[in-house]
Every structure is written in C-alpha cells, then in structure tokens.
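Biologist: I have a structure open on my screen, and I would like to learn how to read it. Could you take me through some features one by one?

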Amino acid sequence: MNLDRLRILKEGRDKEGPVVYWMSRDQRVRDNRALAIAQEMALESRSPLGVVFSLAEEFLGAAVRQYGFMLRGLQEVERDLLEVGIPFLLLRGDPGEEVSKFAEENGVCALITDFSPLKAKRSWTGDVVDRLEIPIYEVDAHNIVPCWRASPKQEYAARTFRPKLKRLLPQFCGELPDIRVHPHPWDHGGGVDWDRLLRDLNVDRSVPEVDWIKPGEMGAATALNRFLRGKLSSYDRDRNDPTIDGQSNLSPYLHFGMISAARVALEVYRSGADPVSRAAFLEELVVRRELSDNFCLYNRRYDSFDAFPDWAKVTLNAHRGDPRERLYDQKELERGETHDDLWNAAQKEMVLRGKMHGYMRMYWAKKILEWTESPQEALRIAIYLNDRYELDGRDPSGYTGIAWSIGAVHDRAWGEREIFGKVRYMSYKGAKSKFDVGSYIDRVASLG
Ligand SMILES: Cc1cc2nc3c(=O)[nH]c(=O)nc-3n(C[C@H](O)[C@H](O)[C@H](O)COP(=O)(O)OP(=O)(O)OC[C@H]3O[C@@H](n4cnc5c(N)ncnc54)[C@H](O)[C@@H]3O)c2cc1C
C-alpha cells in the first residue's frame with residue numbers, strides 16, 4: 001500500500017465492522033487509488049467493504065445538466081461494484097451529516113474518502129471528522145502527485161510548480177490499482193432506482209442535459225481512445241483553434257473523476273504520437289491541472305478578489321474608476337447579447353453544448369472584466385456562468401482559469417492599459433489573427 005498518498009484525518013480505536021469508501025470526487029471503479037486502499041484495509045482486517053455516495057441536492061448552482069451526467073455515471077459505478085461484490089449505497093442530504101449517520105448506524109470501522117481542495121467537500125469532511133470516533137483517511141485519487149506532497153504552499157506560477165512536480169512524478173507514477181472480487185460480503189439491501197431519482201430530483205431543469213458526450217467510465221475510456229488515435233498527434237497545432245475540435249474533451253470526465261488523470265497520462269505517454277504534442281498535452285493535464293488544485297488548496301479565497309496576487313490587486317484597483325465603453329449586466333451576458341459576435345458565440349457554445357472551447361474561455365472571461373463595473377463583479381458573473389453551464393464547472397481548474405483571466409493568478413504583469421491595468425489583455429483583433437473568427441461563429445450558430 002503506498003501510504004504516501006494517504007493522510008490520516010482522525011486516529012481511532014480498532015474495532016470490527018465494515019470498511020467504507022466515501023466516494024465524492026473520484027466517481028469510478030477503475031484506477032481509483034482511494035477505493036483500492038479501502039479494499040486493502042478491508043482485506044487486511046477481513047472486513048466487508050462498501051462504497052457510499054452522498055448526494056447533496058443543491059451544489060453550487062449545478063443544474064440537471066451536471067446532475068444527470070453525474071448520476072448516469074454513478075449508475076455505472078454501482079453496476080461495476082456489484083460485479084466485484086461491493087455494495088454501492090446512495091445517501092441523500094447534507095453529506096457531512098449523512099455520511100456520519102450512516103457510519104454510526106452501520107458500525108463502520110474505518111472510513112476512507114477522496115480528496116478535493118474545494119470548500120464544500122472540505123467542510124463536509126470536517127463535519128464527519130468532528131462527529132465520528134473511527135479512523136478516517138483521505139486519499140488523493142485525483143492528482144498524479146498528491147496535492148499536499150507536490151508542494152507545501154501556494155505556488156506563484158507553473159514555472160515554480162513544474163520542477164517540484166517533475167521531481168516527484170517517478171515516485172507516484174507506479175502501477176494503477178485493480179479492484180478484486182471482495183471475499184467478505186456485505187448484504188446491504190436494494191439498489192438505486194436511477195430513473196426515478198433523476199425524474200424526481202429537485203434541481204434547476206432550465207439548463208438541460210446534452211447528448212454529444214456519454215457519461216461514465218465507459219464513455220470516458222472511449223473518448224480517451226478516440227483522442228489517442230485521432231487528435232493527439234496534432235494537439236500542439238490544433239488545440240488553440242476554436243474552429244477545430246482539437247482538444248480531448250476529457251474535462252467533464254476528469255471533473256467527475258470518471259477517468260483517472262494518471263491513466264490518461266500513462267496512455268498518452270505510451271502512445272506513439274508526436275512527442276511535441278504529447279508534451280503539450282501532458283503540460284495541460286498534469287502541470288496546469290494540478291497547479292489549479294494547489295491554488296485552491298492553499299488559497300481558501302480562491303473564488304474571490306482577495307486571492308489575486310498583490311500586484312494584480314493594486315493595478316486593478318488603480319483602474320477601477322476607468323470609464324467602460326460598454327457595460328453589460330448579468331442577464332445580458334447570460335443571453336449573449338453583447339456587441340461582440342465572437343463573445344456571444346462563445347457564450348452560446350457554453351449554454352448549448354456545456355463546454356466552451358479552451359481558447360475562448362480566456363477571451364470570454366477577460367471581456368467580462370472589460371464590460372462590468374468592477375473586477376469583483378466580473379469574477380462573480382464569470383463563476384456564476386461557468387458553474388451554471390459548463391459540464392466541467394465547479395472545478396479547481398475553473399476557479400483558477402477565471403482567476404488567471406481576471407486577476408492574473410499564475411501570470412505575470414504586461415503593459416499597462418485601461419481597466420486591466422497590468423493584467424494581460426486579449427482583443428478581437430488578436431483572435432482574428434489566430435483563427436477564422438467567422439468560421440467559429442458559424443460553427444456555433446449551427447448548434448441551434
Ligand atoms: C476562464 C476559464 C475557465 C475555465 N473553466 C474550467 C472549468 O470549469 N473546468 C475545467 O476543467 N477547466 C476549466 N478551464 C481550463 C481549460 O480551459 C479546460 O480544462 C479545457 O479547455 C477543457 O477541455 P479539454 O478537456 O478538451 O482540454 P484539453 O486541451 O484536451 O486538455 C486536457 C486536460 O488538461 C487540463 N487542462 C487543460 N487546460 C487547462 C488549464 N488552462 N488549466 C488547468 N487544466 C487544464 C484539463 O484537465 C483538460 O481536461 C478554464 C479556463 C479558463 C481560462
């Protein structure tokens with residue numbers, strides 16, 4: 001067992017009873033190091049093993065688009081766990097309360113959970129730790145190098161983080177775990193009625209599910225294979241061109257933990273694809289993604305103006321009073337009713353498809369800064385829209401990407417100009433010089 005990946009959140013007395021993995025961020029059976037560690041513990045103590053998932057019925061503005069994607073993936077998790085003799089139990093309500101109650105009522109002897117740097121999961125975990133008197137462990141099954149091992153502090157930029165990560169990668173890149181048939185059964189009763197659950201769930205239904213992407217582990221594996229065989233070789237050339245679908249489209253799967261980043265990295269590394277493209281992809285998947293977790297873990301105010309670097313706060317404050325040529329409110333932005341057809345197309349792509357192209361995300365967020373009354377307001381609106389419409393929203397990479405665009409987190413100072421101060425600016429003209437803007441707008445228009 002690689003204990004370097006595990007943190008003890010609470011010591012506890014040895015007692016008999018089932019071991020439970022509280023699944024939250026890593027919603028998969030394959031390549032799941034938290035589940036594997038839970039199974040090892042259960043095997044050592046000859047105990048039954050169960051997986052619980054606690055469904056919060058309100059989660060940072062998530063709509064049926066995100067709930068549907070998640071629940072359909074969990075349905076697959078339940079089925080795959082049953083095949084290896086591990087019951088899957090769905091709880092409903094506040095996870096901090098429900099998981100504690102479940103552990104008490106079922107005489108659970110040890111609890112293992114996966115790691116997230118975001119406030120909600122940390123607060124639920126804190127509640128569980130306060131309430132239970134059993135050993136509780138946290139495993140980072142999401143990052144290749146456990147977030148707290150990669151660095152003990154908030155990193156300034158990719159250039160300071162990259163060498164630390166690279167030094168540790170060999171230690172944490174070992175074989176991915178297998179889950180075996182569990183020999184100590186736990187008959188915990190009936191399964192979940194998924195259709196009914198989805199039908200009756202009291203969530204915002206005005207942001208509908210999308211059908212271009214298939215949720216779950218199988219869908220993720222297919223998407224990865226398609227990417228490896230097709231787009232990976234030209235990733236370096238195509239990824240910043242929004243007229244081409246040159247990205248992997250793995251972010252929704254990575255967000256819900258339906259695929260392990262370590263598995264993706266391994267398959268990309270092993271592929272015979274062009275080395276420049278492989279390196280470019282691994283920089284995004286490993287360095288940038290894990291840097292986002294680092295930012296959210298060590299900066300509790302990751303979704304606020306206070307999280308910006310001091311120089312960025314100074315320069316944005318100095319330009320707070322600059323006249324804005326255009327001002328739009330949240331509703332106008334949400335409806336994509338600005339004077340800028342490129343921005344409107346990006347907004348529409350997000351609303352209809354649930355995934356805006358990566359290059360357009362930067363332009364989109366920076367224009368919100370340009371067209372609203374203050375950086376605080378820009379940040380609030382960008383987070384609201386991102387979390388409401390993106391399938392991969394409510395993710396450290398989202399909070400960090402928005403903080404990068406509006407508050408220069410992980411970026412450097414650029415030439416000073418109105419509103420932005422020394423924060424990097426992006427223009428329509430710049431976009432036009434990089435790709436065929438009209439073709440992107442037409443492509444989005446064809447979505448409906
Ligand atoms: C304003 C803004 C908002 C963003 N919101 C989100 C969000 O809500 N959720 C989200 O997952 N990402 C977000 N990103 C980061 C990035 O744009 C997306 O991860 C990427 O576009 C997802 O598409 P893909 O999986 O096809 O990416 P690919 O280009 O195929 O990259 C593969 C993986 O690398 C990681 N990655 C790529 N670019 C970045 C990046 N800049 N920062 C961190 N990780 C990266 C992602 O895990 C991605 O799935 C945001 C970026 C910005 C500038």
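Biologist: Let's begin with strands. How many bridges join strand β1 to β6, and do they run parallel or antiparallel?

Modeller: Happy to help! Keep in mind that this is a predicted model. To read a strand pair, look at the bridges and at the direction of each strand. Here, strand β1 (residues 6–10) runs antiparallel to β6, and four bridges join them. One bridge to look for starts at lysine 10, whose partner in β6 is isoleucine 136.

Biologist: Which sense does the pairing of strand β5 with β6 have?

Modeller: That pairing is parallel: strand β5 (residues 110–114) and β6 are linked over four bridges. Look for aspartate 114, which has valine 139 of β6 as its bridge partner. There is also a larger pattern to trace here, since β5, α4 and β6 make a right-handed β-α-β unit.

Biologist: Which way do the side chains of strand β6 point, and are they buried or exposed?

Modeller: Start from the general idea. In a regular strand, side chains alternate between the two faces of the sheet. Now the case here: in strand β6 (residues 136–139), Ile136 and Glu138 point one way, while Tyr137 and Val139 point the other way. All of these residues are buried.

Biologist: Why is strand β4 described as largely enclosed by the rest of the structure?

Modeller: For that, count the buried residues, where buried means under 20% relative accessible area. Strand β4 (residues 88–92) has four of its five residues buried, so the rest of the structure largely encloses it. Its pairing is worth a look too: β3 and β4 run parallel and are joined by five bridges. Across that pair, serine 54 stands opposite leucine 91 in β4. Here again you can trace a right-handed β-α-β unit, made by β3, α2 and β4.

Biologist: Now for the empty spaces. How many cavities of 30 Å³ or more are there?

Modeller: A cavity is a space where a probe fits but cannot get out. The count here is three cavities of 30 Å³ or more. The largest cavity has a volume of about 390 Å³. It is lined by 22 residues, and the closest to its centre are Ser24, Gln27, Phe59, Met70 and His255.

Biologist: Which elements and domains supply the lining of the largest cavity?

Modeller: Three elements each supply at least two lining residues: β3 (49–55), α2 (64–83) and α4 (119–131). You have already met these names, as α4 belongs to the unit with β5 and β6, and α2 to the unit with β3 and β4. By domain, the lining of the largest cavity takes at least three residues from each of domain 1 (3–142) and domain 3 (305–445). By type, its residues are twelve nonpolar, six polar and four charged.

Biologist: Where does the largest pocket lie?

Modeller: A pocket, unlike a cavity, is open. To place one, ask which domains line it. Domain 2 (143–175 + 216–298) and domain 3 (305–445) both give residues to the lining of the largest pocket, so this pocket lies between them. Its space comes to about 1,500 Å³. Of its 50 lining residues, the closest to the centre are Gln247, Glu284, Arg288, Gly358 and Met362. Among the elements, α12 gives the most to this lining, with ten residues. The lining of the largest pocket holds 19 nonpolar, 18 polar and 13 charged residues.

Biologist: Is arginine 288 buried, partly exposed or exposed?

Modeller: Arginine 288, found in helix α12, has a relative accessible area of 34% and is partly exposed. It also shows how sequence and space can be compared: arginine 288 and histidine 410 are 122 residues apart in sequence, and their C-alpha atoms are 9.9 Å apart.

Biologist: Which residues lie closest to the centre of the second largest pocket?

Modeller: They are Leu169, Cys173, Ala265, Leu282 and Val286, out of 18 lining residues. The second largest pocket holds about 370 Å³ of space. Once more α12 gives the largest share of the lining, this time five residues. By type, the lining of the second largest pocket has 13 nonpolar, one polar and four charged residues.

Notes:
Residues are numbered from 1 along each chain as its sequence is written. This is a predicted model: local features need pLDDT of at least 70, side-chain atom pairs count only at pLDDT 80 or more; totals for chains, interfaces and linings use all residues. Side-chain values use heavy atoms; hydrogens and water are left out. On a 1 Å grid over the protein atoms alone, a cavity is a set of points where a 1.4 Å probe fits but cannot get out, and a pocket is an open set with protein on both sides within 12 Å along at least five of seven lines; lining residues have an atom within 4 Å of a point. Grid points are joined across faces, edges and corners, and a volume is the space filled by probe spheres set on the points. Ala, Val, Leu, Ile, Met, Phe, Trp, Tyr, Cys and Pro count as nonpolar, Asp, Glu, Lys and Arg as charged, and the others, Gly among them, as polar. Domain bounds come from an automatic or database domain assignment. Buried means under 20% relative accessible area, exposed over 50%, partly exposed in between (1.4 Å probe, protein chains only). Two strands pair if DSSP finds at least two bridges between them. A crossover is right-handed if, with the strands pointing away from the viewer, the path from the first strand over the helix to the second runs clockwise.
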